[in-house]
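Trainee: I've got this model open on my screen and I'd like to go through it with you. Can we take it piece by piece?

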Amino acid sequence: LKELLGQGAFNWVIAAQKASVDGSKIKGAIKLAKPSTSRDTFVHEFKTLQRIDSPYIPKVLDSGIASVLLNKTEWQFPWFAIEIIKADTLEEEVEQHGILHKQEWLELAHDLLCAVSATHEAGIIHLDIKPDQILRHSRRSILVDFGNSTMANVLDDGAIGISHYMYASPEQVNPNQDQEDLGYESDIFNVGSTLVYAGTGVPPWDPPSRSGNIRNFKGSLLTRMTTIPPRTEGLDDEQKRIIDLMLQTNPANRTSAADALDLIR
């Protein structure tokens with residue numbers, strides 16, 4: 001194990017390496033479940049990543065269960081290793097260096113839509129695409145963190161909600177929506193919202209007041225999303241055309257990842 005790369009509520013991510021039989025070193029990023037993490041949810045993310053083959057999504061390298069004896073109690077930590085990508089997130093890049101120029105924006109859109117197309121071809125919905133889930137490598141952008149992903153039209157161990165409502169789709173923030181009915185279209189809306197942030201530095205809509213409970217917050221945000229046009233000042237007509245195809249309120253009117261990718265190309 002090397003340095004800690006990051007951590008969330010449920011996992012640690014640690015840089016690591018091991019020796020192969022020929023003496024060469026295999027490097028990767030180990031995702032290690034914290035004791036509070038559901039084993040089923042963690043295994044679900046591992047199996048999800050195994051199903052997707054794309055240069056714009058980290059590859060799974062290895063997995064296992066680490067047993068640690070602490071105060072005469074044996075703790076078991078499931079883990080899996082993925083391709084290591086040391087890079088800033090899109091959110092960090094925009095905060096530190098400003099919005100993306102159009103060519104950079106188009107390259108980001110290309111890479112992100114390639115990742116989403118591969119995900120959808122595998123029958124999977126990511127459900128939590130946002131600026132801090134995109135690593136900005138010098139040669140490509142990488143979509144990470146499939147902990148919330150789910151098989152399309154199935155409520156399974158991955159369908160545990162979203163962590164940032166400002167990039168979510170209307171159906172995700174609708175308090176009356178059955179989450180099992182979410183489709184690929186939600187990811188398209190997530191991508192469109194993220195691309196607005198990349199080109200303007202802000203999400204498409206301002207957040208409502210946080211006073212009150214989460215149901216009221218989601219209801220207020222849904223009203224804004226369905227009655228106020230998204231904020232796209234600073235984007236040119238071509239960029240706005242692409243965004244408009246993704247941020248349709250009605251999921252049936254949104255473009256597919258494959259068609260949006262053709263437009264970007």
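Trainee: Let's start with Lys102: what is its relative accessible area, and how does that class it?

Mentor: This is a predicted model, so we're reading computed values here. Buried would need under 20% and exposed over 50%. Lys102 falls in between because its relative accessible area is 27%, so call Lys102 partly exposed.

Trainee: Which residue does Lys102 meet in a salt bridge?

Mentor: Lys102 sits in helix H3 (residues 102-121), and its partner is in the loop between helix H6 (214-227) and helix H7 (237-246), 134 residues apart. That partner is partly exposed, with a relative accessible area of 28%. The two side chains come to 2.8 Å, N to O, and the partner is Asp236.

Trainee: There's another one around that loop. How far apart are the closest N and O atoms of Asp206 and Arg231?

Mentor: Asp206 is in the loop between H5 and H6 and Arg231 in the loop between H6 and H7, so this pair ties together parts 25 residues apart in sequence. Asp206 is partly exposed at 42% relative accessibility, and Arg231 is partly exposed as well, at 24%. They form a salt bridge, with the closest N and O atoms at 2.7 Å.

Trainee: How many salt bridges does the structure hold?

Mentor: Some of them are joined up: Lys31, Glu45 and Asp145 are linked in a network. Another is the bridge between Lys86 and Glu3, at 2.9 Å between the closest N and O atoms. For the whole structure, the count is 11.

Trainee: Staying with Lys86 and Glu3, how many residues apart are they?

Mentor: Lys86 is exposed, with a relative accessible area of 58%, while Glu3 is partly exposed at 38%. Lys86 lies in the loop between S5 and strand S6 (88-89), and Glu3 in the segment before S1, so to speak two distant parts of the chain. Their separation in sequence is 83 residues.

Trainee: On to the rings. Why does the pair of Phe46 and Phe80 count as tilted?

Mentor: Planes under 30 degrees apart would be stacked, and over 60 edge-to-face. The ring centres of Phe46 and Phe80 are 5.7 Å apart and the planes are at 35°, so the pair is tilted. Phe46 is in helix H1 (residues 39-51) and Phe80 in strand S5, 34 residues apart. As for the angle that settles the class, it's 35°.

Trainee: Which of these residues form a ring cluster?

Mentor: Phe46 is buried, with a relative accessible area of 17%, and Phe80 is buried at 1%. Ring pairs join these two to one further residue, so the definition of a pair, centres within 6.5 Å, is what links them. The cluster is Phe42, Phe46 and Phe80.

Trainee: Which residue pairs with Trp12?

Mentor: The structure holds 6 aromatic pairs. This one is tilted, with 6.4 Å centre to centre and 50° between the planes. Trp12 lies in strand S2 (residues 11-19) and its partner in strand S5 (residues 73-82), so parts 65 residues apart in sequence are tied together. The partner is buried, with a relative accessible area of 13%: Phe77.

Trainee: Last one: where in the chain is confidence lowest?

Mentor: The chain averages a pLDDT of 89, and 96% of the residues score at least 70. Confidence is highest in helix H5 (residues 184-200), at 97. The lowest mean is 78, in strand S10 (residues 150-151).

Terms used: Residues are numbered from 1 along each chain as its sequence is written. This is a predicted model: local features need pLDDT of at least 70, side-chain atom pairs count only at pLDDT 80 or more; totals for chains, interfaces and linings use all residues. Side-chain values use heavy atoms; hydrogens and water are left out. pLDDT is the predictor's confidence in each residue, from 0 to 100. Helices (H or I, at least four residues) and strands (E, at least two) are DSSP runs, numbered from the N terminus. Buried means under 20% relative accessible area, exposed over 50%, partly exposed in between (1.4 Å probe, protein chains only). A salt bridge is a side-chain nitrogen of Lys or Arg within 4 Å of a carboxyl oxygen of Asp or Glu.
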